[in-house]
Amino acid sequence: MYLDSVDNDDLNQQLHNTEYLNDLRQQMIKFALLQLSSFQQAEDVVQEALTSAFEHLKSFSGRAAFKTWVFAILKNKIVCNLSIVLQYFYLKALPKTQPF
């Protein structure tokens, strides 16, 4: 399990506290909703961010709060999501060309 690799006792307690994790998730969804156009997209990027954070817990150095680190991951996931959406609309707007 991802949590077995956590060396920091305080962080370990936070990660085993379901109330803390639920509160963190709700804060992340609220933030993502401000940036994205739908609740579904917000839930998706939050899920991706939390999954990524837990998969890479060993790389968390503790120089920042866990919440700050997870929100940085979330911001990157939101940027990637918006980039994909913009690419889709840009490609859709290109004029259709005839083959040679």
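**Figure 1. Span of helix 3 in the predicted model**. Helix 3 covers residues 39-55 and holds 17 residues, which at 1.5 Å a residue should span 24 Å. Its end C-alpha atoms lie 24 Å apart, so the span agrees with the expected value. The expected figure of 24 Å follows because the helix rise is multiplied by one less than the number of residues.

**Figure 2. Buried positions of helix 3**. The buried residues in this helix include A42, V45, V46 and A49. Towards higher residue numbers, L50, S52, A53 and F54 are buried as well.

**Figure 3. Surroundings of N81 in helix 4**. Helix 4 comprises residues 66-93, and N81 is placed within this element. N81 has a relative accessible area of 18% and therefore counts as buried, the cut-off being under 20%. Leaving aside residues up to four places away in sequence, N81 touches L36, Q41 and V45. Of these partners, V45 is itself buried and belongs to helix 3.

**Figure 4. The helices of the chain**. The chain contains four helices and zero strands. Read from the N terminus, the order of elements is α-α-α-α. Among contacts with a separation of 6 or more, 58% join residues 24 or more positions apart.

**Figure 5. Burial and exposed surface of the chain**. The chain has 100 residues, of which 27% count as buried. The area exposed by the chain is about 7400 Å². Carbon and sulfur atoms supply 55% of this exposed area.

Technical notes: Residues are numbered from 1 along each chain as its sequence is written. This is a predicted model: local features need pLDDT of at least 70, side-chain atom pairs count only at pLDDT 80 or more; totals for chains, interfaces and linings use all residues. Side-chain values use heavy atoms; hydrogens and water are left out. Helices (H or I, at least four residues) and strands (E, at least two) are DSSP runs, numbered from the N terminus. Buried means under 20% relative accessible area, exposed over 50%, partly exposed in between (1.4 Å probe, protein chains only). Contact means heavy atoms within 4.5 Å. Accessible areas come from the Shrake-Rupley method with a 1.4 Å probe; for residues, only the protein chains shown count as cover.
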